[in-house]
Structure formats: structure tokens, C-alpha cells
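Trainee: Please bring up the sequence and the model, so that we can go through them with questions.

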Amino acid sequence: MMSESRLLRAKTFANLLTDLYVYVKENKMGKVLQRTVVFLDNRSTVLVPDILFVANKRTEIIQDNGIYGSPDFIAEIFTGSLINFEKLMMKKKEIYAEVGVKEYWVADPLNDKIIHKHVLRDGAFLEVNDSNLFPNIKLHL
């Protein structure tokens with residue numbers, strides 16, 4: 001039997017993926033992908049984020065075997081301890097800011113059932129309430 005935390009993670013992932021996919025499709029913005037290998041600009045860092053988005057004007061970075069370059073948006077679903085959550089967020093936020101990911105969201109369904117939205121400004125992420133890429137998106141967590 002699947003643990004409650006795994007079920008909650010799967011539900012959060014499915015809902016967030018669906019909400020983003022529908023929003024992007026309705027607004028003809030680009031591509032939303034799930035668990036796709038991302039080869040970042042320096043090629044020495046390879047990550048597999050839960051959800052990512054690439055804008056229409058940059059879809060050439062999408063190749064058969066992964067994404068070559070920085071997606072415009074990355075979302076992660078986290079279901080661990082608060083200590084690990086802070087470590088993960090700091091490490092990934094640093095990497096994603098360095099390579100120019102415009103927005104980074106972290107869904108934290110176990111601890112507070114919210115999404116921490118971060119927007120890149122002047123080379124660093126700032127936590128915000130509203131998305132620049134997906135204004136007025138309705139989320140169903």
C-alpha cells in the first residue's frame with residue numbers, strides 16, 4: 001500500500017501539472033513537460049525536475065533526449081522533512097538562478113499545502129505571491 005505522503009505527492013503533482021498544462025495550452029504559450037532530463041548550460045549539471053515549461057520562442061532547446069539549456073520555469077513537489085526542504089530549496093534555487101530559470105516553484109503539500117513561488121530578479125530568486133509567467137492561474141492543490 002502506498003504511504004499517505006506518496007499519495008499526497010502524486011495528487012499534488014497531477015493537479016499542478018494539469019493546471020499548468022491547461023493554462024499554457026489555452027494561452028498558446030509553449031510546452032509543459034514532466035520529469036524530463038535537463039542539461040543545463042554548463043553541461044556538467046543534469047537535473048530532472050518534476051515539471052518544467054519552455055516558452056514558444058525557446059522550444060528549440062527541447063530535443064528527443066532532453067532539454068538543452070534552461071527552461072523558463074521549473075516546479076518541484078517536496079514531501080520530506082522541513083530541514084531537508086530548506087536545504088533542497090537553497091541548493092536548487094542557487095543552480096536555477098545561475099542558469100537563468102525565470103520562475104521556480106516548490107509545492108510543499110505535507111508541511112503547509114502551499115506553493116512557494118520564486119521569480120528571478122537581478123540574478124537571484126525572490127519569493128512572491130503571484131507568477132509573472134502564469135498570471136491569474138487557478139491552482140487546485
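Trainee: In which sense do strand β2 and β3 pair, and over how many bridges?
Mentor: This is a predicted model, in which local features need pLDDT of at least 70 and side-chain atom pairs count only at pLDDT 80 or more, while totals for chains, interfaces and linings use all residues. Strands here are DSSP runs of E with at least two residues, helices are runs of H or I with at least four, both numbered from the N terminus, and two strands pair if DSSP finds at least two bridges between them. Phe39 has Val46 in β3 as its bridge partner. Strand β2 (residues 38–39) and β3 pair in the antiparallel sense, over 2 bridges.

Trainee: Which strands stand at the edges of the sheet that holds these two?
Mentor: Residues are numbered from 1 along each chain as its sequence is written, and side-chain values use heavy atoms, with hydrogens and water left out. The sheet is open, with 4 strands in the order β3-β2-β6-β5 and mixed pairing. Those that pair on one side only are the edge strands, β3 (46–47) and β5 (62–63).

Trainee: Is Tyr68 buried, partly exposed or exposed?
Mentor: Tyr68 lies in strand β6 (residues 66–68), and its side chain makes a polar contact with the side chain of Asn65 at 2.9 Å. A polar contact is a pair of N or O atoms within 3.5 Å; within protein, one atom must be able to donate a hydrogen and the other to accept it, and residues adjacent in sequence count only if both atoms are side-chain atoms. Buried means under 20% relative accessible area and exposed over 50%, with partly exposed in between (1.4 Å probe, protein chains only). Because the relative accessible area of Tyr68 is 27%, the residue is partly exposed.

Trainee: What is the order of the strands in the sheet of 6 strands?
Mentor: The sheet is open and its pairing is mixed. Since β1 (30–34) and β10 (124–128) each have a single partner strand, one side of each is left without a neighbour in the sheet. Between those edges, the full order reads β1-β4-β7-β8-β9-β10.

Trainee: Over how many bridges do strand β4 and β7 pair?
Mentor: Within this pair, Phe53 stands opposite Phe73 in β7. Strand β4 (residues 51–55) and β7 run in the antiparallel sense, and their bridges number 3.

Trainee: With which side chain does the side chain of Glu76 make a polar contact?
Mentor: Glu76 is found in strand β7 (residues 73–77), and because its relative accessible area is 5%, Glu76 counts as buried. Leaving aside residues up to four places away in sequence, Glu76 touches Pro49, Asp50, Lys92, Tyr96, Tyr104, Trp105, Val106 and Ala107, where contact means heavy atoms within 4.5 Å. At 3.1 Å, the polar contact of the Glu76 side chain is with the side chain of Lys92.

Trainee: At what angle does helix α1 run to β1?
Mentor: Helix α1 (residues 4–26) lies across β1, β4, β7, β8 (103–108) and β9 (114–121). The axes are lines fitted to C-alpha atoms, for helices over the stretch in contact, and angles run from 0 to 180 degrees between N-to-C directions. On that scale, the angle of helix α1 to β1 is about 170°.

Trainee: Which residue in the turn of the hairpin of β9 and β10 has a positive phi?
Mentor: β9 and β10 pair in the antiparallel sense over 5 bridges, and Val119 has Leu126 in β10 as its bridge partner. The hairpin has 2 residues between its strands, and the one in the turn with a positive phi, of about 55°, is Asp122.

Trainee: Where is Lys28 found?
Mentor: Most residues other than glycine have a negative phi. Lys28 nevertheless has a positive phi of about 50°, although it is not a glycine, and with a relative accessible area of 68% Lys28 is exposed. Its place is the loop between α1 and β1.

Trainee: What radius of gyration does the protein have?
Mentor: The radius is taken over C-alpha atoms, and the globule rule is 2.2 Å times the number of residues to the power 0.38. Along its principal axes the C-alpha trace spans about 40 × 35 × 30 Å, and 45% of the 141 residues count as buried. For 141 residues a compact globule would have a value near 14 Å, which agrees with that of the protein, 14 Å.
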